[in-house]
Amino acid sequence: MDWLLECSGCAQESDPEGLRTVCPRCGLPWLVRYPGRQHPLEHRAALAREQSPGGPAHGMWRYRPFLPLLPDETPVTLGEGNTPLLELDRIARELDVGRVWLKDESTNPTGSFKARGLAMAVTRAVGAGAMSFVIPTAGNAGVALAAYAARAGRPATVFAPATTPRTILAQIRTFGAELSLIDGHIGDCGRAARELSARTGAFDISTLREPYRIEGKKTLGLELAEQLGWTLPDAIIYPAGGGTGLIGMWRAFLELREAGWVQGPSPRLYAVQSTGCAPVVRAFESGAQSTEAWSEPWTVASGLRVPTPLGGALMLRAIRDTRGGAVAVTDQDLAQQALLVSRREGVDLSPEGGATFAAAVRLRAAGQLGPNDRVILFNTGAGWLYRDEQ
Ligand SMILES: *Cc1c(COP(=O)(O)O)cnc(C)c1O
């Protein structure tokens, strides 16, 4: 393996061999580094000819020179990535900003961007000998694990809150996972998952408890840069729950700038959360270095209902390092924006996607988005997954 793991807390380095969880010394997530990899500009040009430097590949695997794959390794894939970047002229005019694009991740397999992280993590875990999986979820990660575990021929158990939208629960069952409903939030599901993992040896593939979901989410940033002709936007508004996408994009832009594939500063990263569960916003505003547990978390944007994110400190670093920010919007506001934008643009927005539009309005009013800014909004999942009507 030509990469290594570096602890996000104590910076200790470790060999990636075997099934890896968190840093044993501080219990914090590992980050992946690729000290020996070279990314000559010819490789960037080869991508444009649909010839991934590592051989023919589609979707997110086109970026395999930036991913933890062995030479010639075939990933566990359902065709994730290569999602549309849609320009929204009318919304740019209304917001009075330079340009606005929506990165529509709802077209991924299983209907959300969780596909990117789980395709990568399941690939690495199976490579290291995992025979079965377990995951705690606020919804979409459970659907994605169920599908990728099926694809890999491994059984999976999913712990989800009983309040998870019924359509999401139906999808988890459709892909054959063992589904357990928990009276509580994703943190309570996490405890149940760790207990099952200790008892049965099932690999716990929770957000940031293993090193590779971030690497899959990193392809969000790589793909955005390529779709913008290897330029970077000024600002990205991202609905943050566990934070893998935010942290992954931060890493992507660092690696692209190091390789000389893009120039200029990193986009400012803005996290949006619901006022019903906003630990990152609260920590950002108080100047704290890490998040504190949010009590009685509730939001209809289930992907944002993460009261104690393990990656809290990393999210805060990504936001501050890029001179971004964090903003909370009400459930009413995010739901209304999701409906409005779905009707106006024909994109099926999830509540989390709606939150990025609600945040854009707030950030523009506060002067954090400027009149010439090139802004990316995210629809992280499909709206139909949240609708239970028959
Ligand atoms: C999981 C999820 C999020 C939050 O993503 P993180 O990377 O965990 O911050 C946002 N939107 C949707 C639709 C999700 O499923």
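Student: What makes E10 and E11 a pair of strands in this predicted model?
Tutor: Strands pair if DSSP finds at least two bridges between them. E10 and E11 are joined by 5 bridges, so they pair. The two strands run parallel. One bridge sets Ala235 against Arg268 in E11.

Student: How does the chain get from E10 to E11?
Tutor: The path goes through helix H8, residues 244–259. This β-α-β crossover is right-handed.

Student: Which strand is joined to E11 by another 5 bridges?
Tutor: Strand E12, residues 325–329, which runs parallel to E11. In E12, Ala328 stands opposite Gln273.

Student: Why is E11 called largely enclosed?
Tutor: Buried means under 20% relative accessible area. In E11, residues 268–274, 7 of the 7 residues are buried, so the rest of the structure largely encloses the strand.

Student: Which way do the residues of E11 point?
Tutor: Arg268, Tyr270, Val272 and Ser274 point one way. Leu269, Ala271 and Gln273 point the other way. All are buried. In a regular strand, side chains alternate between the two faces of the sheet.

Student: How many aromatic pairs does the whole structure hold?
Tutor: The search finds 6.

Student: Why is the pair of Phe113 and Tyr238 called tilted?
Tutor: Their ring centres are 5.9 Å apart, and a pair needs centres within 6.5 Å. The planes stand at 45 degrees. That is neither under 30 nor over 60, so the pair is tilted.

Student: Where in the chain do these two residues lie?
Tutor: Phe113 is in the loop between strand E5 and helix H3. Tyr238 is in strand E10. They are 125 residues apart, so the pair links distant parts of the chain.

Student: How do you know whether Phe113 and Tyr238 are buried or exposed?
Tutor: The cut-off for buried is under 20%. Phe113 has 5%, so it is buried. Tyr238 has 2%, so it is buried too.

Student: What makes the pair of Tyr238 and Phe378 edge-to-face?
Tutor: The planes are 80 degrees apart, and over 60 counts as edge-to-face. The centres are 5.8 Å apart. Phe378 sits in strand E13, 140 residues from Tyr238. At 0% relative accessibility, Phe378 is buried.

Student: Which charged end sits over the ring of Phe113?
Tutor: That of Lys217, 3.8 Å from the ring centre. Elsewhere, the charged end of Arg62 sits over the ring of Tyr63, 5.6 Å from its centre.

Student: Which residues are linked into a cluster by ring pairs?
Tutor: Phe66, Trp230 and Trp261.

Student: Why does Val97 count as buried?
Tutor: Its relative accessible area is 7%, which is under 20%, so Val97 is buried. Val97 lies in the loop between helix H2 and E5. Its contacts include Arg364, Leu369 and Val375. The C-alpha atoms of Val97 and Asn372 are separated by 5.4 Å, with their places 275 residues apart along the chain.

Student: How do you know that Cys10 is in no disulfide?
Tutor: The sulfur atoms must lie within 2.5 Å. The nearest cysteine sulfur, in Cys7, is 3.8 Å from that of Cys10. By this rule the count is 0 disulfides. Cys10 is partly exposed, at 31%.

Student: Why is Cys277 without a bond to Cys189?
Tutor: Cys189 has the closest cysteine sulfur, yet it is 13 Å away, too far for a bond. Cys277 is buried, at 0% relative accessibility.

Methods:
Residues are numbered from 1 along each chain as its sequence is written. This is a predicted model: local features need pLDDT of at least 70, side-chain atom pairs count only at pLDDT 80 or more; totals for chains, interfaces and linings use all residues. Side-chain values use heavy atoms; hydrogens and water are left out. Helices (H or I, at least four residues) and strands (E, at least two) are DSSP runs, numbered from the N terminus. Buried means under 20% relative accessible area, exposed over 50%, partly exposed in between (1.4 Å probe, protein chains only). A charge sits over a ring if NZ of Lys or CZ of Arg is within 6 Å of the ring centre and within 35 degrees of the ring normal. Contact means heavy atoms within 4.5 Å. A crossover is right-handed if, with the strands pointing away from the viewer, the path from the first strand over the helix to the second runs clockwise. Lists of a residue's contacts leave out its neighbours within four places in sequence.
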